[in-house]
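Below is a walk through one protein chain, from its overall layout down to single residues. Keep the sequence and the structure in view while reading.

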Amino acid sequence: MPELSDDMLIFSDLDGSLLDHDTYDWQPAEPWLRCLKQHNIPVIITTSKTVSETTLIRHELGLEHCPFIAENGTSVELPKSGRRHTDYPSKLFSADYVEICTLLEHLRVKNHFNFSGFSTLTDSDVATLTGLSLPQAARARQRQACCGTMMEMHYNISFSSGIATGWR
């Protein structure tokens with residue numbers, strides 16, 4: 001069993017892990033976060049949230065001294081102590097947001113897909129769809145390399161010899 005005196009680091013998701021799934025309350029984790037900080041054990045947030053969203057949450061959690069991974073692993077953000085690193089303040093591991101949105105739009109038109117992404121929605125749209133406040137929705141739309149999409153599926157399934165048909 002590891003001891004707090006051992007060299008370690010902890011990776012944690014936010015929603016339903018460090019943050020309560022329904023209320024986003026992080027107070028139940030506060031004693032552990034404080035203990036880990038006292039023992040110089042970094043807690044690295046890994047999330048689908050944007051850099052803008054995660055920077056704010058990292059501050060609230062008192063984890064400014066730790067890097068974090070945002071937008072489903074496409075971005076690593078370094079703390080101020082990483083200023084001398086060649087990739088400071090961040091490293092993208094993906095095409096950028098504009099390239100991704102351009103490709104998605106091309107695929108949508110070419111294949112007659114019925115989906116929309118954050119790039120085509122307003123802050124108000126995102127707030128309505130997700131239950132976020134307008135400022136939260138604005139931060140959720142500040143994407144760098146990951147595009148959330150909503151696809152509307154219409155299908156009429158019939159089975160013939162075990163093969164589904166009727167997808168459109």
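The protein chain contains 5 helices and 9 strands. The model shown is a predicted one. Following the sequence from its start, the helices (α) and strands (β) come in the pattern β-α-β-α-β-β-β-α-β-α-α-β-β-β. The protein chain has 168 residues, of which 28% count as buried. Its accessible surface is about 10,900 Å², and carbon and sulfur atoms account for 55% of that surface. Contacts also link parts of the chain that are separated in sequence: among contacts between residues at least 6 apart, 48% join residues at least 24 apart.

A good place to start is the sheet. Five strands form an open sheet in the order S1-S2-S3-S4-S5, and their pairing is mixed. Strand S1 (10-12) and strand S5 (90-92) each have a single partner strand, so they stand at the edges and one side of each has no neighbour in the sheet. On average, and ignoring direction, neighbouring strands of this sheet are turned by 15 degrees against each other. S1 and S2 run parallel and are joined by 3 bridges. One residue to look up here is Ile10, whose bridge partner in S2 is Val43. Helix H2 packs on the sheet, where it touches S2, S3 and strand S4 (75-77). The direction of H2 makes about 150 degrees with that of S3.

Next comes the interior. In soluble globular proteins, nonpolar side chains tend to be buried together. In this model, the largest nonpolar core has 17 residues. Those with the most contacts inside this core are Leu14, Leu18, Leu33, Val43, Ile45, Leu61 and Leu63. Helix H1 (30-38), strand S2 (43-46), H2 and strand S3 (68-70) each give two or more residues to the core. H2 supplies the largest share, 3 residues. To see how one core residue is surrounded, select Leu33: leaving aside neighbours within four places in sequence, Leu33 is in contact with Leu18, Trp26, Val43, Leu61 and Leu63. There is also a second, separate core, with 10 residues, including Ile100, Cys101, Leu121 and Ala127.

The start of H2 can now be examined residue by residue. Thr50 lies in the loop between S2 and H2. Is Thr50 buried or exposed? Its relative accessible area is 0%, so Thr50 is buried. Thr50 is a residue with polar side-chain atoms, one of which lies 2.8 Å from the backbone oxygen of Arg139. Not counting residues up to four places away in sequence, Thr50 touches Ala70, Glu71, Arg139, Ala140, Gln142 and Arg143.

Val51 belongs to helix H2. Its relative accessible area is 11%, which is under the 20% limit, so Val51 is buried as well. Which residues does Val51 contact beyond its neighbours within four places in sequence? They are Phe68, Ala70, Glu71, Ser75, Glu77 and Gln144. Val51 and Glu71 are 20 residues apart along the chain, yet their C-alpha atoms are separated by 7.3 Å.

Thr54 lies in H2, which covers residues 51-61. Because its relative accessible area is 0%, Thr54 counts as buried. A polar atom of the Thr54 side chain lies 2.8 Å from the backbone oxygen of Thr50. With neighbours within four places in sequence left aside, Thr54 is in contact with Ile45, Thr47, Lys49, Phe68 and Ala70.

The last stop is another helix. Asp123 is placed in helix H4 (residues 123-130). With a relative accessible area of 25%, Asp123 lies between the 20% and 50% limits, so this residue is partly exposed. Asp123 touches Leu134, Ala137, Ala138 and Arg141, not counting residues up to four places away in sequence. The C-alpha atoms of Asp123 and Leu134 are 6.1 Å apart in space, while the two residues are 11 apart in sequence. What joins the side chains of Asp123 and Arg141? Between them is a polar contact of 2.7 Å.

Terms used
Residues are numbered from 1 along each chain as its sequence is written. This is a predicted model: local features need pLDDT of at least 70, side-chain atom pairs count only at pLDDT 80 or more; totals for chains, interfaces and linings use all residues. Side-chain values use heavy atoms; hydrogens and water are left out. Helices (H or I, at least four residues) and strands (E, at least two) are DSSP runs, numbered from the N terminus. Buried means under 20% relative accessible area, exposed over 50%, partly exposed in between (1.4 Å probe, protein chains only). A polar contact is a pair of N or O atoms within 3.5 Å; within protein, one must be able to donate a hydrogen and the other to accept it, and residues adjacent in sequence count only if both atoms are side-chain atoms. Contact means heavy atoms within 4.5 Å. A nonpolar core is a set of buried Ala, Val, Leu, Ile, Met, Phe, Trp, Tyr and Cys residues joined through side-chain atoms within 4.5 Å. Two strands pair if DSSP finds at least two bridges between them. Axes are lines fitted to C-alpha atoms, for helices over the stretch in contact, and angles run from 0 to 180 degrees between N-to-C directions. Accessible areas come from the Shrake-Rupley method with a 1.4 Å probe; for residues, only the protein chains shown count as cover.
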